[in-house]
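This briefing goes through one structure by topic, beginning with its cysteines and moving on to its aromatic rings and its ligands. Please keep the sequence and the coordinates at hand while reading the points below.

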Amino acid sequence: MCMPVRDDHPQIRHDWTLDAVEALLDLPFNDLLLQAQQVHRACFAPNQVQVSTLLSIKTGACPEDCGYCAQSAHHETGLPREPLLPLEAVLTAARDAKAQGATRFCMGAAWRHPSDKHLDQVAAMVTAIHDLGLETCVTLGMLTAGQALRLKAAGLDYYNHNLDTSPEFYGQVISTRTYQDRLETLEHVRAAGLKTCSGGILGMGESRRDRASLLRQLANLPAHPESVPINLLVQVEGTPLFGTAPLDPLEFVRTVAAARCLMPGSYVRLSAGRAAMSDELQALCYFAGANSVFYGERLLTTPNAASDRDHALFDRLGLRVEALEPERREPGGCHRPHGHPHA
Ligand code: SAM
Ligand code: DTB
Ligand code: SF4
């Protein structure tokens, strides 16, 4: 059994300098991957992957102007808008996801922030999905402290709220909110006792230093997010970021590896962009410490990697899908199964 990776563990730090994180990203590729793999093995079952399924419960017409997003009302992307889905439709999708082996059901809404009426409707969804025996995650935009508590009381496990990029680059991607707005919602989520899911998007034209700065922000939060999604920009026609020069795939792997080194006890999730990645690139990401994916044919509005392709890849790599076992899901703790050091 390995020591729990808690906030007082020497590997858990919240005092990273930007130069130190950049130096990690600058390491020779093999040195960085070896370090990440060692950290990964010390904290997690090395051949296990957690799978979550996503559903867009309210689509399009978002007042925010995020330069990457198909759902912003500021961009002409031709995406059909859909109001908040009824509870029954959401439950059908959740039952399906469970039947396909997902352990967490994540719901996304294209809001700047939810109204209290919408929040009550989402809270009812959360409770019903929790009762199906699935973990729940929602991403609804900014929350007040009271709204975070309301979701916690409804049985919510995780709140997803990405920092997305560095504070320095943020203004070039989004003008309708600030980095501080994001940090404040994360504070409310933590204070309510919810688990945090927070990560970012790579391939938006940011520099390596920006990627280092994003990782530093995440690692220097008062508690590491339990889940860190690393998205690769899905380029959507009509968005300002459509046509951005693609990121070197090895740079993506480096960032996954650095996330693993900086946040040893966090699940690092390969998120958007997997549909366009080769199996070999995904395999390298798993080696670099990614241990979670979004699974299912769709992300929110764009296609995901096909499920049969995922299963074939898991088989080829000898990766097992993690079952939901609450006693092993201690927040910030070590997730390695007892008595199976090399499981
Ligand atoms: N509206 C809420 C918000 O922005 O917090 C929740 C939904 S939003 C779609 C959730 C996350 O999806 C964003 O923070 C961003 O990281 C990711 N995302 C959106 N569009 C993307 C794209 N085209 N490529 C990669 N990631 C994307
Ligand atoms: C996250 O970091 N990625 C997911 C989830 N959290 C909500 C969303 C990806 C969205 C990709 C673009 C789309 O499908 O609209
Ligand atoms: Fe709205 Fe979220 Fe898309 Fe930004 S990322 S436009 S907040 S749905």
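A search of the whole structure, which is a predicted model, finds 0 disulfides. The same model holds 3 aromatic pairs, and 15 residues surround ligand 1, while the residues around ligand 2 include Leu54, Thr139 and Asn160.

**Cysteines**

- A disulfide is a covalent bond between the sulfur atoms of two cysteines.
- For Cys197, the closest cysteine sulfur is that of Cys137, and at 5.0 Å it is too far for a bond, given that a disulfide requires the two sulfur atoms to lie within 2.5 Å.
- Cys197 has a relative accessible area of 2% and is therefore buried, the limit for that class being under 20%.
- Cys66 is likewise buried, with a relative accessible area of 7%.

**Aromatic pairs**

- The structure holds 3 aromatic pairs. In one of them, the ring centres of Phe44 and Tyr267 are 4.9 Å apart and the ring planes stand at 75°, so the arrangement is edge-to-face, a term that applies to planes over 60 degrees apart.
- This pair links distant parts of the chain, for Phe44 sits in the loop between α2 (29-43) and β1 (48-58), whereas Tyr267 belongs to strand β8 (residues 267-270), and the two are 223 residues apart.
- Phe44 counts as buried because its relative accessibility is 2%, and Tyr267, at 4% relative accessibility, counts as buried too.
- Tyr286 and Phe314 form an aromatic pair that is also edge-to-face, with 6.3 Å from centre to centre and 70° between the planes.
- Because Tyr286 lies in helix α10 (residues 279-287) and Phe314 in helix α11 (residues 307-317), the pair ties together parts that are 28 residues apart in sequence.
- Tyr286 and Phe314 are both buried.

**Arginines over aromatic rings**

- Arg13 lies over the face of Trp16, where its distance from the ring centre is 3.9 Å.
- Arg104 lies over the face of Tyr158, at 3.8 Å from the ring centre.

**Ligand 1**

- Of the 15 residues that surround ligand 1, the closest are Tyr68, Asn162, Asp164, Arg182 and Val234.
- Polar backbone atoms approach nitrogen of this ligand at two residues: that of Tyr68 is 3.0 Å from a nitrogen atom of ligand 1, and that of Ala109 is 3.3 Å from a nitrogen atom of ligand 1.
- The side chain of Asn162 contributes an N or O atom that is 2.9 Å from an oxygen atom of ligand 1.
- Taken alone, ligand 1 exposes 550 Å², and the protein buries 90% of that area.

**Ligand 2**

- The residues around ligand 2 are Leu54, Thr139, Asn160, Asn162, Pro229, Asn231, Ala272, Phe294, Leu299, Leu300, Thr301 and Thr302. Asn162 is thus found around ligand 2 and is also among the closest residues to ligand 1.
- A polar side-chain atom of Asn160 lies 3.3 Å from a nitrogen atom of ligand 2, whereas a polar side-chain atom of Asn231 lies 2.8 Å from an oxygen atom of ligand 2.
- Leu300 takes part through its backbone, with an N or O atom that lies 3.0 Å from an oxygen atom of ligand 2.
- Taken alone, ligand 2 exposes 410 Å², of which the protein buries 88%.

Notes. Residues numbered from 1 in each chain as written. Chains lettered and ligands numbered in written order. Predicted model: local features only at pLDDT ≥ 70, side-chain atom pairs only at ≥ 80, totals over all residues. Heavy atoms only, no water. Phe/Tyr/Trp six-rings, centres within 6.5 Å; stacked < 30°, edge-to-face > 60°. Helix = DSSP H or I, 4+ residues; strand = E, 2+ residues; numbered from the N terminus. Buried < 20%, exposed > 50% of the residue type's maximum accessible area, 1.4 Å probe, protein only. Lys NZ or Arg CZ within 6 Å of the ring centre and 35° of its normal. Near = heavy atom within 4 Å. Polar contact = N/O pair within 3.5 Å; in protein donor to acceptor, adjacent residues only side chain to side chain. Areas by Shrake-Rupley, 256 points an atom, 1.4 Å probe, with all protein chains shown as cover.
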